[in-house]
Amino acid sequence: MNQINFSYNWNNKLSCHAHTTIRLRNDAKYIVGERYEETLNGKKLQEVTIESIRHFMLPKMSEFMAWIDTGYNPQEAEAVIRKMYPGSDWSRQQLSYILLVTDKNTIAPSNEKIK
């Protein structure tokens with residue numbers, strides 16, 4: 001099973017039944033309807049299904065997307081993304097705003113308050 005790895009639980013979103021992630025666009029890896037194992041710092045959390053994907057350019061990130069995904073305003077979220085993906089050509093690089101839904105049968109008991 002493919003993995004979606006997190007190093008930080010932005011906005012405490014990984015505790016929610018449905019949450020988002022912003023990733024570099026990769027149509028071969030992120031596929032609507034596919035299931036993935038989510039990990040946080042290498043530890044399995046749960047299994048999720050990608051429900052929807054919207055592609056966008058970094059300067060077009062909306063307030064809604066930034067706040068919900070990261071807990072930061074668009075300017076702060078953009079700075080975080082630029083730091084996460086150094087060397088990206090932001091005049092050409094697309095991002096994917098990915099909606100994930102947790103399979104309730106796979107939530108680890110310790111997932112109530114993920115740090």
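## Exercises on a predicted model

Among the elements of this predicted protein model, helix 1 (residues 63–70) has the lowest mean pLDDT, 96, and strand 5 (residues 94–102) the highest, 98. Over the protein, the mean pLDDT is 92. Of its residues, 92% reach 70 or more.

**Exercise 1.** State how many helices and strands the protein has, and give their pattern along the sequence.

*Solution.* Count the elements: there are two helices and five strands. Then read along the sequence: the pattern is β-β-β-β-α-α-β.

**Exercise 2.** Sort the side chains of strand 1 (residues 3–6) by face, and say which are buried.

*Solution.* Start from the rule: in a regular strand the side chains alternate between the two faces of the sheet. Now apply it to strand 1. Ile4 and Phe6 point to one face, and both are buried. Gln3 and Asn5 point to the other face and are not buried. The cut-off for buried is under 20% relative accessible area.

**Exercise 3.** Find the orientation of strand 1 relative to strand 3 (residues 35–40), and the residue opposite Phe6.

*Solution.* Take the bridges: four join strand 1 to strand 3. The two strands run parallel. Next, locate Phe6: it stands opposite Leu40 in strand 3.

**Exercise 4.** Test the radius of gyration of the protein against the value for a compact globule.

*Solution.* Begin with the length, 115 residues. A compact globule of that length would have a radius of gyration near 13 Å. The protein has 14 Å, which agrees. Add the extent: the C-alpha atoms fill a box of roughly 40 × 30 × 25 Å along the principal axes. Finish with burial: 43% of the 115 residues count as buried.

Technical notes. Residues are numbered from 1 along each chain as its sequence is written. This is a predicted model: local features need pLDDT of at least 70, side-chain atom pairs count only at pLDDT 80 or more; totals for chains, interfaces and linings use all residues. Side-chain values use heavy atoms; hydrogens and water are left out. pLDDT is the predictor's confidence in each residue, from 0 to 100. Buried means under 20% relative accessible area, exposed over 50%, partly exposed in between (1.4 Å probe, protein chains only). Two strands pair if DSSP finds at least two bridges between them. The radius of gyration is taken over C-alpha atoms; the globule rule is 2.2 Å times the number of residues to the power 0.38.
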